[in-house]
Amino acid sequence: MAVRFIATICIAALPATVLAQPQPTPYDHQGAEIDADLAPVVVPGETPIVHQKYYLGERELLAYDPRFMPTGRVAFDLGNQPLIRAADPVIEQSDGSRDGWVQTLRDGRWVGWSLPGILRETYPDWTGTFLAGVRARDTRIVVDGHGDAWTVLNLYAPGARRVLMRLPADSDAWECYEVPDAGALLLEPNARGSDAPPLIMEQSGGRIFVRDMERVEDGSIAIHEPVALSPEQSFLNPAHSGAGPTAATVGERTWVTFARTAPVMGEDGQPLPGTPNYVACYDRATGEVSEPILLGFGQNPYTEKPDGHNAGAIVADSEGGLHVVIGAHQHNFWYVRSTTDVPLTRGDWGEPEALGLRRRYDCGLTYVALAIGDDDTLHCVARNMGRGVSPEGRPLPPDEINNADMTRTLDYLRAKRQADGSWQWEELGPLVVSFHRAYSIFYHKLSIDRRGRLFLTYYLYADQLTDEMAEAYMLKWPEETLTRNDAGAWKGIRPHDPVILMSDDGGDAWRIATTADFEAGVLGEE
């Protein structure tokens with residue numbers, strides 16, 4: 001069993017406040033958040049939100065003007081009040097030490113806690129920065145079964161440290177726990193139990209660790225020593241986009257899925273193509289770690305070598321069954337589920353099922369966002385990409401691509417549990433379409449509230465700009481200056497204009513989420 005140590009607690013209040021009450025955020029305002037006459041009903045694959053040239057998105061086309069900053073994945077407390085990490089996306093390098101917040105709703109107004117205020121009160125020697133928005137390693141908030149909210153921050157020098165923050169239920173005072181030897185911290189967002197969520201750590205050299213936490217009698221948190229789950233050269237699902245859960249807890253066991261840059265060798269001594277994806281189990285009752293199980297391979301159609309995009313995500317259903325979606329880079333995903341209660345060997349898992357073949361002329365999917373509802377429906381959102389067409393207008397085969405005519409979209413897939421205990425996937429098509437025909441990314445994140453409503457955070461980033469696009473960019477955001485590198489490419493581009501979509505019918509239709517939608521979801525407010 002791993003050795004345990006007790007973290008030192010510091011109860012941190014906001015400067016010059018009483019009882020650390022949350023303050024009004026700089027983003028809240030009076031007035032409508034979207035023009036009701038323009039607000040679209042988004043049916044996946046039929047009526048997506050289509051951005052127009054150049055940089056005409058939800059704000060320009062739909063009069064979207066949110067009273068909150070929709071830059072983070074939405075979490076929900078036990079009363080279904082939203083909690084969102086926020087930072088102004090136009091701040092250089094997403095420096096959260098200048099504008100980082102945790103937002104929530106109180107009496108119809110968005111209020112929040114200033115993260116720099118809490119941290120500087122707690123750690124006076126820290127005068128550095130921390131990343132926020134899409135450049136942060138993990139911006140999720142996790143609410144456990146006790147109602148405590150958790151988030152993690154990687155603080156940079158001077159005064160660098162790794163900090164776990166906890167907001168106890170029915171409290172407005174955040175607690176800060178410094179986690180030594182942490183590497184990059186992630187919270188396991190997928191625990192169905194009531195104890196504190198495990199910490200997942202990705203350290204230099206590519207080893208994945210789990211760090212268990214538990215409550216002690218005085219109400220503080222005991223953080224266990226790290227337990228290694230993987231060999232070196234391992235990595236997790238990309239955190240900036242998709243960011244699907246890398247771990248799932250069932251009872252006393254935490255399962256973690258990861259990929260490796262080390263290829264698997266075939267019987268002929270040659271590396272097998274693709275990125276090997278594994279799952280391993282930590283049993284906190286015994287302290288034992290299972291051998292990693294090879295589930296399958298994520299692919300990139302342009303190389304057979306392992307690719308850092310291709311790690312997957314894992315969730316647990318209501319009966320403790322495990323579901324893994326293996327990632328890809330412009331290829332189809334693979335879906336694998338467990339077939340036994342405690343799947344410790346490859347024979348305890350089914351064979352991979354391809355996801356993303358509905359539009360067979362497409363390059364395919366990248367970045368797994370995965371969530372599971374209380375009805376055990378699986379929800380997946382990914383970036384999709386068309387290959388473009390030939391000069392004659394024909395779809396291109398897998399070994400060809402027309403970069404000037406391709407399109408990135410944000411696609412939705414869903415699997416419902418069937419009467420025979422299987423899951424049947426539907427590939428429902430795009431929710432959002434980029435205006436740009438070269439490189440685009442959406443930095444998307446997916447979550448489910450306690451009413452089963454889906455919330456999808458995204459914002460568009462377009463690169464490989466034409467001169468005309470660069471001129472339009474600087475006209476829209478005049479405080480920013482783009483420059484050319486030695487190869488003539490425009491640099492200095494940032495993501496802008498985040499959006500949160502929602503669905504209250506299980507994914508059949510989506511719309512832009514407003515404050516009224518969050519208010520209507522609060523439990524006991526019917």
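Here's a quick briefing on the cores, sheets, cavities and a pocket of this structure. Keep in mind that the model is predicted. Its largest nonpolar core has 51 residues, and a separate core of 22 residues lies apart from that one. There are also five cavities of 30 Å³ or more to look at.

**Nonpolar cores**

- In the largest nonpolar core, the residues with the most contacts inside it are Tyr55, Leu456, Tyr458, Leu465, Leu501, Trp510 and Phe518.
- Several elements give two or more residues to this core, including the strands β30 (362-372), β32 (408-417) and β33 (423-433) and the helix α4 (467-476).
- β36 (454-458) and β40 (499-503) are also among the elements that give two or more.
- The other core, of 22 residues, includes Tyr123, Trp126, Ile141 and Leu155.
- What does Leu501 touch beyond residues up to four places away in sequence? Its contacts include Ile49, Leu431 and Val432, along with Leu454, Phe455, Leu456 and Tyr458. Trp510, Arg511, Ile512 and Ala513 are on the list too.

**The sheet β35-β36-β40-β41**

- These four strands form an open sheet in that order, with antiparallel pairing.
- β35 (445-448) and β41 (511-512) are the edge strands, and each pairs on one side only.
- Four bridges join β35 to β36, and one of the matched pairs is Ser447 with Phe455 of β36.

**The sheet β3-β8-β7-β6-β5**

- Here five strands make an open sheet in that order, and the pairing is antiparallel.
- β3 (23-24) and β5 stand at the edges with a single partner strand each, so one side of each has no neighbour in the sheet.
- β5 and β6 run antiparallel and are joined by three bridges. If you want to find one pairing, look at Ala75, whose bridge partner in β6 is Leu83.

**The β25-β26 hairpin**

- In a regular strand, side chains alternate between the two faces of the sheet.
- In strand β25 (residues 313-316), Ala313 and Val315 point one way while Ile314 and Ala316 point the other way, and all are buried.
- β25 pairs with strand β26 (residues 322-326) in the antiparallel sense, over four bridges. Val315 has His323 as its bridge partner in β26.
- Five residues sit between the two strands of this hairpin, where Gly320 takes a positive phi near 90°.

**A look at Lys416**

- Is Lys416, in strand β32, buried or partly exposed? Lys416 is partly exposed, because its relative accessible area is 38%, which falls between the 20% and 50% cut-offs.
- Lys416 and Gly373 are 43 residues apart in sequence, and their C-alpha atoms are 9.9 Å apart in space.
- Leaving out residues up to four places away in sequence, Lys416 touches Thr377, Ser422, Trp423, Gln424 and Glu426.

**Cavities**

- Rolling a probe the size of a water molecule over the atoms shows where empty space is left.
- The largest cavity has a volume of about 120 Å³.
- Residues lining the largest cavity include His51, Tyr55, Phe435, Leu460, Trp477 and His496. Helix α1 (residues 58-62) gives the largest share of that lining, with three residues.
- By class, the lining of the largest cavity has five charged, four nonpolar and three polar residues.
- Tyr55 turns up in two places: it lines the largest cavity, and it is among the residues with the most contacts inside the largest nonpolar core.
- The second largest cavity holds about 60 Å³ of space. Among the residues lining it are Thr71, Arg85, Leu115, Phe130 and Thr139.
- Which strand gives the most to the lining of the second largest cavity? Strand β6 (residues 82-87) does, with three residues.
- The lining of the second largest cavity divides into five nonpolar, five polar and one charged.

**The second largest pocket**

- This pocket has a volume of about 350 Å³.
- It is lined by 17 residues, and Asp77, Arg106, Ala169, Asp170 and Ser171 lie nearest its centre.
- The lining of the second largest pocket is made up of seven nonpolar, six polar and four charged residues.

Technical notes: Residues numbered from 1 in each chain as written. Predicted model: local features only at pLDDT ≥ 70, side-chain atom pairs only at ≥ 80, totals over all residues. Heavy atoms only, no water. 1 Å grid on protein atoms, 1.4 Å probe; cavity = no way out; pocket = protein on both sides within 12 Å on 5 of 7 lines; lining within 4 Å. Points joined across faces, edges and corners; volume = space filled by probe spheres on them. Nonpolar A, V, L, I, M, F, W, Y, C, P; charged D, E, K, R; others polar. Core = buried A, V, L, I, M, F, W, Y, C linked by side-chain atoms within 4.5 Å. Buried < 20%, exposed > 50% of the residue type's maximum accessible area, 1.4 Å probe, protein only. Contact = heavy atoms within 4.5 Å. Pairing = 2+ DSSP bridges.
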